[in-house]
Amino acid sequence: MAGRLLKVSSLATAVFASSGFYFYSRQLDLNDLSVVRFGRAAATTAVISYDYLTAFKHVEHGTDEYWAIKSKLSELFVSFEEKPQGAASLAQVHKAVLHDGRTVAIKVQHPKVQRQSSKDIMVIEVLVRAVHWLFPDFAFMWLVEEAKKNMPLELDFLNEGLNAVKVSNMLADFPFLKIPMIHWDLSTRRILTMEFAEGGQVNDRDYMKKHHINVNEISENLGKIYSEMIFVHGFVHCDPHPGNVLVRKCPQSKKTEIVLLDHGLYQVLQPDFRLDYCRLWQALINSDMSGMERYSRRLGAGDLYPLFACVLTARSWTAVNAGITSVPVTHSEDVEIRSNAAQYLPQISELLNRVPRQMLLLLKTNDLLRGIETTLQTRASSSSFINMSRCCIRAMARHKRSKARSGRRRLQITLAESLSLWKLSAYELLLWLKGSMMGHWLAALLAFLH
């Protein structure tokens, strides 16, 4: 139970870490960066227990569908590894081989999770109310609300399979993205069978170096995936921790791929929210302070809009004012952020209670992506902002076209969109030339000619 408590409370952890008071340090594991994830070490022992790791062996104590699968193991699979490839608080994954030779991953839900989840949420609610009574500034009832909404979805593996299919179709234009195929005939609400995909975790720099994988390419492509999800489609995979994001060389094409796993938790953004979020990021990228204030207020931040800007960007207010695309992240800025964390904790709590609930999982997602960028040493790179800008432009143009009443107006919008995207591509090319050897040669030649 402690493991599931921690899984739900991790939402609060990520929100804190994603704020402008970002507890960043190379030596620290981002999974441990919050007092909200209380009892992490002790809970690990409870989660990875004998009963948990042998959940599939003791399937007779679970549901009928578990028993049905168990009794047909030899009929369904040539081989089935009872030792799990990985284990978490809700499920564990086993590797197996089908009779046609295909290797699959079987995600098996712990038998006790369904019965216990409602009790766990009730315990969380009691604990949160108790903490709020002891510390009035700790106002996190939204945590319980989000748990009640998201836990049933995460426990339905058929829903996870549908999410995987949806995002695979949605991002089919990205050849570098791999979503494992679902085997529906071998899946139920508590057992999900999918294509087995090998690879190294996205934060494993040694794996990337060994397999000649470019970290900058991975960081840029991951940014493209999430910018497309957030700004264009409003359907966002909200658990991109390193265990769910693998990198590899495609066995067939030998090109670098990102494998996205665990599709149980998605956030569906409402159109008005998504468009205001687009406008806010455009304002932040373009150093438009009046726009930043306007759209922060529209997203519920109120007078706390400066703090909200820091929360989204994980930058200090000084950097936000100067322009997050032009001011590099420095060690002194990180020190400033850490040193001010405790001072602004009540304001952060108030802000999180003000913003729409959709924002909470986005903040968690931003934090996890930022942690990956930090590990890959690509944090706040220009390419990530360019990709975000490109998606914002496309999203706003699509919205305007849907409201246009004439073909002429739609053509104008499309031409304006194309021009903006062309300017962005030209700027990207300029940055590439500036940073490349050719750029240095051209600069030296121009200096010589003058």
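Colleague: Which helices each supply at least two residues of the lining of the largest cavity?

Modeller: In this predicted model, they are H10 (215–233), H11 (271–285), H13 (305–313), H17 (357–376) and H18 (382–403). A helix here is a DSSP run of H or I with at least four residues, and a strand is a run of E with at least two, numbered from the N terminus. A cavity is a set of points on a 1 Å grid over the protein atoms alone where a 1.4 Å probe fits but cannot get out, and its lining residues have an atom within 4 Å of a point.

Colleague: Which one gives the largest share?

Modeller: H10 does, with 8 residues. The lining has 27 residues, and those nearest the centre are Leu369, Arg370, Glu373, Ser384 and Met388.

Colleague: Where does this cavity lie with respect to the domains?

Modeller: It lies between domain 1 (124–268) and domain 2 (271–441), because both give residues to its lining. The bounds come from an automatic or database domain assignment.

Colleague: How much space is in there?

Modeller: The largest cavity holds about 430 Å³, counted as the space filled by probe spheres set on the grid points, which are joined across faces, edges and corners.

Colleague: How many cavities of 30 Å³ or more are there?

Modeller: There are 2. The second largest has a volume of about 50 Å³. Helix H8 (157–170) and strand E6 (191–195) each supply at least two residues of its lining, which includes Glu160, Pro180 and His263.

Colleague: How are residues numbered?

Modeller: Numbering starts from 1 along each chain as its sequence is written. For this predicted model, local features need pLDDT of at least 70, side-chain atom pairs count only at pLDDT 80 or more, and totals for chains, interfaces and linings use all residues, while side-chain values use heavy atoms, without hydrogens and water.

Conventions
On a 1 Å grid over the protein atoms alone, a cavity is a set of points where a 1.4 Å probe fits but cannot get out, and a pocket is an open set with protein on both sides within 12 Å along at least five of seven lines; lining residues have an atom within 4 Å of a point.
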